[in-house]
Amino acid sequence: MHKLTDSILDKFSMDFLRNQVLKNAYGNDDTVIAGLDPRVLLIWYLFFGLVPWFINDVVLLLGLFLFVVLTTRAARIAPLVLFLFCVGVFTQTGYLLVMALFFGGDSSLVAPLLVMTLKVAVVSLASVTVFSGLDPDRLASGLLWFGCPDQLSFSISFAYRILPVLMEEFQNILLSYRLRGNPPKKQGLIGKIRYLGYQVKLIIQAFYPLMLNTAKRSRTTVEALELKGYRYALKNPEVKKMRLAMLKVTRNDGIFIVISVIWAACSVAASAAIV
């Protein structure tokens, strides 16, 4: 039992978390979802990110949920992201159910909470599918095609690009705290709890210097971009035209849209047949 506990704790190290996050952001370039046109994915996301909020039919929501589960599988999402998704969605629903029953509710609350859970699950999985399968540059190009401001498109792309730097900086800060600190011993259950609290305390303390270092890096990045003519490139229509020329709708995009429409239509038909 002791070896099993140590093995689980070792897997949830900082290196493991960093690898999972980077894999989800950069390690899905060879998937079916990553090969689709970013404009098609954004339109698809607008449907699965907005329409479920206006649907209250359990069967229809369940059909959409099954479809986004398949797209999430095709996008090869990192297991850690899926684990956090399950914990966040289903624990929140369970918490609401327990609190409602505690304050005098009955079993009739299960159906509304199930509808809410399916809505959140469909929108969340659609978001994870799209933004984990899109390269930062392709995502920015897709937003530019839809008329988004250049600064907004660049900000989203820059946020993706700086993610590995932030993870590395965060790990270095944690290591510096550990070198100068005196962690409690991990003997026994009480020792493990104290050690866990010590780790949480270090993580909280590391956020303030992380923000300062991020601000310094952002300033350096802005100065480098200005020296390389970033502002001129934003206002140059030829540069924008070259970026948009890289976008191309392929046969796979059409197949993906057709499958999505057929699946949604079948879900609507199944809902109507049950009613």
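**Exercise 1. Gly-142 and its contacts**

Find which residues Gly-142 contacts in this predicted model, leaving aside neighbours within four places in sequence.

*Solution.* Start by placing the residue: Gly-142 is found in helix H7. Next, list the partners beyond four places in sequence: Gly-142 is in contact with Pro-38, Arg-39, Leu-42 and Leu-247. Now take one of these partners, Arg-39, which is 103 residues away from Gly-142 along the chain. Their C-alpha atoms are separated by 5.2 Å. Finally, check the accessibility: Gly-142 counts as buried because its relative accessibility is 0%, and the cut-off for buried is under 20%.

**Exercise 2. A charged pair**

Work out which side chain Arg-39 meets in a salt bridge, and whether each of the two residues is buried or exposed.

*Solution.* First, some background: side chains of opposite charge can pair when their charged atoms come close. Here the partner of Arg-39 is Asp-37, with 2.9 Å from N to O. Then turn to accessibility. Arg-39 has a relative accessible area of 13%, so Arg-39 is buried. Asp-37 is at 2% relative accessibility and therefore counts as buried too. As a last step, count the salt bridges in the structure: there is one.

**Exercise 3. The nonpolar cores**

Describe the largest nonpolar core and say which element gives the most to it.

*Solution.* Begin with the membership: this core has 31 residues. Those with the most contacts inside it are Leu-41, Trp-44, Phe-48, Phe-65, Val-68 and Phe-256. Moving on to the elements, two or more residues come from each of H3, helix H4 (58-75), helix H5 (79-102), helix H6 (110-133) and helix H7 (136-145). Of the elements, H6 gives the most, namely eight residues.

Phe-65 makes a good close-up. Its contacts, with neighbours within four places in sequence left aside, are Leu-118, Ala-121, Val-122 and Leu-125. To finish, look for a second, separate core: it has seven residues, including Phe-170, Ile-173, Leu-174 and Ala-206.

**Exercise 4. A surface patch and a buried serine**

Decide for Leu-50 and Ser-267 whether each is buried or partly exposed, and put each in its surroundings.

*Solution.* Take Leu-50 first. This residue belongs to helix H3, which covers residues 38-50. Its relative accessible area is 47%, so Leu-50 is partly exposed. Together with Leu-46, Trp-53 and Phe-54, Leu-50 forms a nonpolar patch on the surface. The four have about 490 Å² of accessible area together.

Now go to Ser-267, which lies in helix H12 (residues 251-274). Ser-267 is buried, because its relative accessible area is 6%. Not counting residues up to four places away in sequence, Ser-267 touches Leu-60, Gly-63 and Leu-64.

**Exercise 5. The chain as a whole**

Summarise the chain by its elements, its buried share, its contacts and its exposed area.

*Solution.* Count the elements: the chain has 12 helices and zero strands. Read from the N terminus on, the order is therefore α at every position, as the definition of elements by DSSP runs lets you write it. Next comes burial: 32% of the 275 residues count as buried. For contacts, consider those with a separation of 6 or more; residues 24 or more positions apart account for 82% of them. Lastly, the chain exposes about 17300 Å², and carbon and sulfur atoms supply 69% of that area.

Notes: Residues numbered from 1 in each chain as written. Predicted model: local features only at pLDDT ≥ 70, side-chain atom pairs only at ≥ 80, totals over all residues. Heavy atoms only, no water. Patch = residues over 30% accessible without salt bridge, like charges linked within 9 Å, V, L, I, M, F, W, Y side chains within 5 Å. Areas by Shrake-Rupley, 256 points an atom, 1.4 Å probe, with all protein chains shown as cover. Helix = DSSP H or I, 4+ residues; strand = E, 2+ residues; numbered from the N terminus. Buried < 20%, exposed > 50% of the residue type's maximum accessible area, 1.4 Å probe, protein only. Contact = heavy atoms within 4.5 Å. Core = buried A, V, L, I, M, F, W, Y, C linked by side-chain atoms within 4.5 Å.
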